[in-house]
Amino acid sequence: MITAAALGVLAGAEPGTAATAPLPSGTYCQGPQSSQPATGPTKVAFIDLENESASAVSSSPDAPFQNGTLTGQCGTFATTAMHSITHPSEGNYAGQVSGLNAATDPVARFTLSDCAPDSTSSSCAFGGGHFDSSVPSLFSQVESAFGTGGWKSYADDMPANCRMSDATPYATVGSSTYMKYVVRHNPAAYFNGIACGSQDVPSGDWANGQGALYGDVAGGTLPRFSFIQPNDIENGHDPVSVGGVTVAGGTSQIGNIDAYLSRMLALIQSGPDYQSGNLVVVVTYDEGYTHGSAPGDGAAGQNCADPAISVNATSCQVSTWIVGRYVPHYSYSGYMNDFGLLAATQRILGLTPLLAHAADSSTPDIVNGTTGAPDPFNLAPGTPPPPPTVPGAPTGLSAVAGDGSVALSWSAPSSTGGAAISDYVVQYRTTGSTTWSTFAHPVSTTPSATVTGLVDGTGYDFQVSAVNSVGTGPASPVVTATPVAPATGPQLLPDPGFESGNGGWAAFTQGTLTRVGSPVHGGAFALQVAATSATASLVGLTQNTAVNNSVAGTSYTASCYVQPTGANLNVQIRFLEYTQNFGSVTHLDSTVIATLPTGTWTLVSVTSTALRSGERMIPQIYSTNEKTSTGNLVYDDCSLTAGTPPPPPPPTVPGAPTGLSAVAGDGSVALSWSAPSSTGGAAISDYVVQYRTTGSVTWSTFAHPASTTPSATVTGLADGTGYDFQVSAVNSVGTGPASPVVTATPVAPAGGPQLLPDPGFESGNGGWAAFTQGTLTRVGSPVHGGAFALQVAATSATASLVGLTQNTAVNNSVAGTSYTASCYVQPTGAGLNVQIRFLEYTQNFGSVTHLDSTVIATLPTGAWTLVSVTSTALRSGERMIPQIYSTNEKTSTGNLVYDDCSFTAG
């Protein structure tokens, strides 16, 4: 539970006024107060429950929270006042956010099937489908008005964003599997053209203070429109006992609903959005279930939105509450339906036009009011907040030159324009030019970037603009920097990269020196210098011994790569020229960087010319504002040079790839290897894959798109023929030597009569079951053939056997008969193994003989591998059972996907 202290002073109220006093636990609605937001509520959340008529709820002894707390405190509707749209569930959910009536509007008729989106199942009486992107919805309207982040759907027990099929099974009775997440209760999944992939999210473990829903409630960051989907136990859809096993704590389905609502609304009530009065929650049932005397009561496609039907049909009458801090205790007795709730939601959010039947003149509207009850629940918006605009200009842009690069840092604009910053646009030009170029970088809201690919010695201008959902704002003031090449000349330090020690540097004037393995600029170590005082003024390094006999007129250059572990630290590097006895000193040149960017290495350098011969040239690099509380500076690749070194050696061809391995398939061989230990001084740009029939002296080159990925699948090979393979790396100089040769023989898939009903998983699981654990999911990608494959996912972080077993295909073996089982396998993660084996069981499974096995220790990624085993039955009348599985798959490793699994005899 969020504490009162966490709420702080609520928006728009002075300390000590009513709005600063948090609502006590168990109090939900106070009625209008002078301290409520002038705009009225600006956010709406929907919670839908399942299949209980209003009379069943109002008369149930298992609903003390609904009938006592909500009905006793907040806005509600008389038992026969509120009406759903139709039957079954899916049409009501879709209608609530689109204004469409599946009973009368052909475009929505497919929702009467209660089927997953685009389902082709024959059980979908009205077909499956999606709403076309041209069909407006509350989701698309909110995105248009407030950006993608203006809405979010939170679904309990949904395993991944925008799940298009049921998931999270919890019980099986006969052929029926009970799922906690069902897609037909998730309306966002049925509308094309909206940001379902990012905004329809798993709610997470909100009851224990975790996940997206809890984070947004606790942080006061709920979007303008929220759809909260309980699972099929919490919403009262499923029975409290399945197959004799209790699956929830309640004694009835209405009791499960009551327990869920009391927990969920207690969480929402404690959050800043609710406490400030900005949020109103609509709690409703999607449809009733008790059949009354009206014709067609409860039947699919019944037009419950027609008052002539719904007032007589018990299954059309549902309980509904309007819950908000400033909602009065009022019972609405006039006619109302879901379209009226949609119209009210649109008016609260300032969205036009009203959607479909929400705009009908006969649709009641509780915001605009109806005869005798204007705005009965205190929802009418006041002065709406201004629409968002582009953000202001970033401030404080600074630039630090490096080798062919410039590190930029800035502060976020003072105004976001009313919408969150989603990216920054970084532009640069050569000084004096009028044409800006945009630096391509991954989308990021971090106020820093390092522009690369620049020319050393050339001056550049830089500017930065912020981006939100409205567009790109004005640019910051321009700053200028000139990239600098690293110092040249003979290296005078014994260990510039701190690989074996401190490289001859000592602390200046204080600091604790520690060699660290992260971060590093190059090699395995860097040197971190930490302040030892809370009031330190000079913390860094000095190099007193490298140049003890200077040559007048000689140029010396000192440089270091520097990265801070805290924000706002500065750095200064300088040269001092001392006499031999340190009796006098001349300050030569300095370079100062006022604020180092975090998370990146910055090259800091200084060049000075010796004034006299026979003296000491001493560089010092340090921070003047580092203290024990500020973070530290980390140094790496610190150079001290005099004169000009010879140019680096020209690049050569790369070395040979290593670890080449081959896995045979049907007419193909999957190869994988490791990059060569030497690139030759130039980046690897491609690999050349060659093959030949074993015994031949002529190599053929396998044509494939240029790729630096160390794997390839050679196709077009002859099954049963042995082939040699080798791989060479390519860089800008040329092609390097080949790897050692490996040999493999492609194999044809098993022959003989096919014993499986659906080897390609085109209509089901093909008779395979999980072994010894795993969640089986038919997927459309990747596939080896046809439209589907079967993915088996581990359900434990410590799983040891995850895969498939085929227990029923051969129940009456024939001694001496050869049986072959094979599957094409592709992993979704690296490092996974696979094993296929045959077991011969007695009929009663009382004893077993392990026959043959095939093991592949590491499957190549991104390719299908054929795995097969052939065994001969030892006895007649027994069970021949193949099993294929991984021994190292866990919930964190990725999964195996299987396709075209064959089981043959003879």
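This is a short tour of a predicted model, stop by stop, with something to select at each one.

**The whole chain**

Start with everything on screen. The chain has 906 residues, and buried ones make up 50% of them. Colour by secondary structure and you'll be looking at 11 helices and 50 strands. Computed along the principal axes, that would be a box: the C-alpha trace spans about 110 × 90 × 50 Å. As for how the chain folds back on itself, take the contacts between residues at least 6 apart in sequence: 73% of them join residues at least 24 apart.

**Helix H5 and its surroundings**

Now select residues 138-146, which is helix H5. Which of its residues are buried? Leu-138, Phe-139, Gln-141, Val-142 and Glu-143 are. Show what surrounds them: the buried residues of H5 pack against helix H4 (89-98), strand S4 (151-155), strand S8 (225-229) and helix H11 (338-349).

Keep H5 and H11 visible and hide the rest for a moment. Their axes are 12 Å apart and the packing angle is about 5°. Angles under 35 degrees count as roughly parallel, and H5 and H11 are therefore roughly parallel to each other. To see the contact itself, show side chains: H5 brings Leu-138, Gln-141, Val-142 and Phe-146, while H11 brings Leu-342, Thr-345, Gln-346 and Leu-349.

Before leaving, step just past the end of H5 to Gly-147, where phi is positive, at about 90°.

**Rings together**

Phe-139 of H5 is worth a second look, this time with aromatic side chains switched on. Ring pairs link it into a cluster with Phe-46, Phe-110, Phe-131, Trp-151, Phe-191 and Phe-225. Across the model there are 25 aromatic pairs.

For one pair, select Tyr-28 and Phe-65. The ring centres are 5.7 Å apart and the planes stand at 80°, so this pair is edge-to-face. Tyr-28 sits in the loop between helix H1 (4-7) and strand S1 (43-49), and Phe-65 is in helix H3 (residues 64-73), so the pair ties together parts that are 37 residues apart in sequence. Are these two buried or exposed? Both Tyr-28 and Phe-65 are buried.

**Charges over rings**

Next, jump to Arg-515 and Phe-525. The charged end of Arg-515 sits over the ring of Phe-525, 4.2 Å from the ring's centre. Then go to Arg-778 and Phe-788: here the charged end of Arg-778 sits over the Phe-788 ring, 4.2 Å from its centre.

**A three-strand sheet**

Select strands S15, S16 and S19. They form an open sheet in that order, with antiparallel pairing. S15 (395-401) and S19 (448-451) are the edge strands, each with a single partner, so one side of each has no neighbour in the sheet. On average, neighbouring strands here are turned by 20° against each other, ignoring direction. Zoom in on S15 and S16 (residues 406-411), which run antiparallel and are joined by five bridges. One spot to find is Ser-398, whose bridge partner in S16 is Ser-409.

**A five-strand sheet**

Move along to another open sheet, this one with five strands in the order S23-S26-S31-S28-S29 and antiparallel pairing. Which strands stand at the edges? They are S23 (506-509) and S29 (585-593), each with a single partner strand, so one side of each is left without a neighbour in the sheet. Neighbouring strands are turned by 25° against each other on average, direction ignored. Inside the sheet, pick out S26 (residues 539-542) and S31 (residues 616-623), an antiparallel pair over four bridges. Leu-541 stands opposite Ile-621 of S31.

**Last stop: strand S49**

Finish with residues 879-886, strand S49. Eight of its eight residues are buried, so the strand is largely enclosed by the rest of the structure. In a regular strand the side chains alternate between the two faces of the sheet. Turn on side chains to follow them here: Arg-879, Ile-881, Gln-883 and Tyr-885 point one way, and Met-880, Pro-882, Ile-884 and Ser-886 point the other way.

Now bring up the partners of S49. Strand S44 (residues 802-805) pairs with it in the antiparallel sense over four bridges, and Val-802 stands opposite Ser-886. Strand S46 (residues 834-841) also runs antiparallel to S49, joined by seven bridges. There, look for Gln-835 opposite Tyr-885.

Terms used. Residues numbered from 1 in each chain as written. Predicted model: local features only at pLDDT ≥ 70, side-chain atom pairs only at ≥ 80, totals over all residues. Heavy atoms only, no water. Buried < 20%, exposed > 50% of the residue type's maximum accessible area, 1.4 Å probe, protein only. Helix = DSSP H or I, 4+ residues; strand = E, 2+ residues; numbered from the N terminus. Pairing = 2+ DSSP bridges. Contact = heavy atoms within 4.5 Å. Phe/Tyr/Trp six-rings, centres within 6.5 Å; stacked < 30°, edge-to-face > 60°. Lys NZ or Arg CZ within 6 Å of the ring centre and 35° of its normal. Axes fitted to C-alpha atoms, helices over the stretch in contact; angles between N-to-C directions. Parallel < 35°, antiparallel > 145°, perpendicular 65-115°, else oblique.
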